[in-house]
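Open the model in your viewer and keep the sequence panel beside it. The tour goes from one selection to the next.

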Amino acid sequence: MPLFDFVCHDCGKEFELLLMGSDRPVCPHCQSLDLEKKMSAFAVRTKGTDGSTSSGGGSKCSGCAGGSCATCH
Ligand SMILES: [Zn+2]
């Protein structure tokens, strides 16, 4: 499943959304369409900075199977 991390430019919250085909991502907090998709490079950089979560041994976890949930970080 295509699970992506987003940041809302309006309310500043971070969240995850499943994007199916041409679905338009909408902020679940304020329904804004002004969202920024966070690329995988961001997760790698965050992981490198944190370095506290290495139990998964990879970029995926059982929680989201996409390497982009809070547990993954
Ligand atoms: Zn928002």
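Start by selecting Lys38 and Glu14, whose side chains meet in a salt bridge with an N to O distance of 2.9 Å. Lys38 belongs to strand E3 and Glu14 to strand E2, so this pair ties together parts that are 24 residues apart in sequence. In general, side chains of opposite charge can pair when their charged atoms come close. Bear in mind while looking that this is a predicted model.

How many salt bridges does the structure hold? It holds one, so there is no second to look for. Now colour the two partners by accessibility. Lys38 has a relative accessibility of 10% and therefore counts as buried, the cut-off for buried being under 20%. Glu14, with a relative accessible area of 54%, is exposed.

**The sheet**

Next, show the strands as a cartoon. Three of them form an open sheet in the order E2-E1-E3, with antiparallel pairing. E2 and E3 are the edge strands, each pairing on one side only. On average, neighbouring strands of this sheet are turned by 40 degrees against each other, direction ignored. Strands of a sheet pair through backbone hydrogen bonds, either parallel or antiparallel.

Select E1 together with E2: the two run antiparallel and are joined by five bridges. To see a bridge pair, pick Asp5, whose partner in E2 is Glu16. Then move to E1 with E3, which pair in the antiparallel sense over four bridges. Here, pick Val7 and find Glu36 of E3 opposite.

Stay with E2 and turn on its side chains. Which of them are buried? Phe15 and Leu17 point to one face and are buried. Glu14, Glu16 and Leu18 point to the other face and are not buried. In a regular strand the side chains alternate between the two faces of the sheet.

**The turn and the loop**

Go to the hairpin of E1 and E2, which has five residues between the strands. Gly12 in this hairpin takes a positive phi near 75 degrees.

Then select Gln31, in the loop between E2 and E3. Gln31 is not a glycine, yet has a positive phi of about 65 degrees. Its relative accessibility is 54%, so Gln31 counts as exposed.

**The zinc site**

Finally, select the zinc ion and the atoms that coordinate it. Which residues supply them? They are the SG atoms of Cys8, Cys11, Cys27 and Cys30, at 2.3 Å. The four donor atoms subtend angles of 104 to 119 degrees around the zinc ion, which makes the arrangement tetrahedral. The ideal angle for four tetrahedral donors is 109.5 degrees.

In the sequence panel, the donor residues follow the spacing C-x2-C-x15-C-x2-C. Cys8 lies in strand E1 (residues 3–8), while Cys27 lies in the loop between strand E2 (14–18) and strand E3 (35–38), so the two tie together parts that are 19 residues apart in sequence.

Colour the site by accessibility as well. Cys8 and Cys27 are both buried, and for Cys8 the relative accessibility is 2%. Cys11 is partly exposed, with a relative accessible area of 32%.

As a last check, look for disulfides: the count comes to zero.

Notes:
Residues numbered from 1 in each chain as written. Predicted model: local features only at pLDDT ≥ 70, side-chain atom pairs only at ≥ 80, totals over all residues. Heavy atoms only, no water. Donors = N, O, S within 2.8 Å, 3.2 Å for Na, K, Ca; no water. Tetrahedral: all angles 85-135°; square planar, octahedral: opposite > 155°, others 65-115°. Buried < 20%, exposed > 50% of the residue type's maximum accessible area, 1.4 Å probe, protein only. Salt bridge = Lys/Arg side-chain N within 4 Å of Asp/Glu carboxyl O. Pairing = 2+ DSSP bridges. Axes fitted to C-alpha atoms, helices over the stretch in contact; angles between N-to-C directions. Disulfide = S-S within 2.5 Å.
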